[in-house]
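The exercises below are to be worked with the sequence and the coordinates at hand. Each task is followed by a solution in steps.

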Amino acid sequence: MPMLHGCAFPGCSTFTLSTYCVEHELLVRAVKESERTQATDVSLAADTALTADAALTSATSEAAAS
Ligand SMILES: [Zn+2]
């Protein structure tokens, strides 16, 4: 049975069944998509992707530890 836990996005405390709450799930997906499809705003994409990756990594570690 799935358990509610806090969204993995830094600073977000919304409870969710997924890694991220709906809002941040979409945000992270959009970041990943834009990372692949457009390299125009490289610095911003890199910054956002780094944040998303860090959140994803910490979420994965937490999941692995529990
Ligand atoms: Zn969130």
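**Exercise 1.** Place valine 28 in the chain, and decide whether valine 28 is buried or exposed.

Step 1. Valine 28 belongs to helix α1. The model is a predicted one.

Step 2. Around valine 28, 21 other C-beta atoms lie within 10 Å. The cut-off for a buried residue is 20 or more, so valine 28 is buried.

Step 3. Not counting residues up to four places away in sequence, valine 28 touches Tyr20 and Ala52.

Step 4. Aspartate 53 is 25 residues from valine 28 in sequence, and the two C-alpha atoms are 9.0 Å apart.

**Exercise 2.** Name the residues of the largest nonpolar core.

Step 1. The core has seven residues: Cys7, Ala8, Phe9, Tyr20, Val28, Ala52 and Ala55.

Step 2. Take Val28 from this set; its contacts Tyr20 and Ala52, found outside four places in sequence, are core members too.

Step 3. Take cysteine 7 next. Beyond four places in sequence, its contacts are Cys12, Ser13, Thr14, Thr16, Tyr20, Cys21 and His24.

**Exercise 3.** Classify arginine 29 and leucine 27 by their C-beta neighbours inside 10 Å.

Step 1. Arginine 29 is in helix α1, which covers residues 22-37. Leucine 27 is also placed in helix α1.

Step 2. Arginine 29 has 12 such neighbours; exposed means 12 or fewer, so arginine 29 counts as exposed.

Step 3. Leucine 27 has 16 neighbours inside 10 Å and therefore counts as partly exposed.

Step 4. Add the C-alpha separations. Arginine 29 and alanine 52 are 23 residues apart along the chain and 9.4 Å apart in space. For leucine 27 and phenylalanine 9, 18 residues apart in sequence, the separation is 9.8 Å.

**Exercise 4.** Where does proline 10 lie, and which residues is it in contact with, leaving aside neighbours within four places in sequence?

Step 1. Proline 10 sits in the loop that runs between β1 (5-6) and β2 (15-16).

Step 2. Proline 10 has 11 other C-beta atoms within 10 Å and is therefore exposed.

Step 3. With neighbours within four places in sequence left aside, the contacts of proline 10 are Thr51 and Ala55.

Step 4. Threonine 51 is 41 residues away along the chain, with a C-alpha separation of 8.1 Å from proline 10.

**Exercise 5.** Describe the chain as a whole, and state which element has the lowest mean pLDDT.

Step 1. The chain contains two helices and two strands. Read from the N terminus, the order is β-β-α-α.

Step 2. Of the 66 residues in the chain, 12% are buried.

Step 3. Consider contacts between residues at least 6 apart in sequence: 24% of them join residues at least 24 apart.

Step 4. The average pLDDT of the chain is 82, and 82% of the residues score at least 70.

Step 5. Helix α2 (residues 42-65) has the lowest mean pLDDT among the elements, at 71, and β2 has the highest, at 94.

Technical notes:
Residues numbered from 1 in each chain as written. Predicted model: local features only at pLDDT ≥ 70, side-chain atom pairs only at ≥ 80, totals over all residues. Core = buried A, V, L, I, M, F, W, Y, C linked by C-beta atoms within 7 Å. Contact = placed C-beta atoms within 7 Å. pLDDT = per-residue confidence, 0-100.
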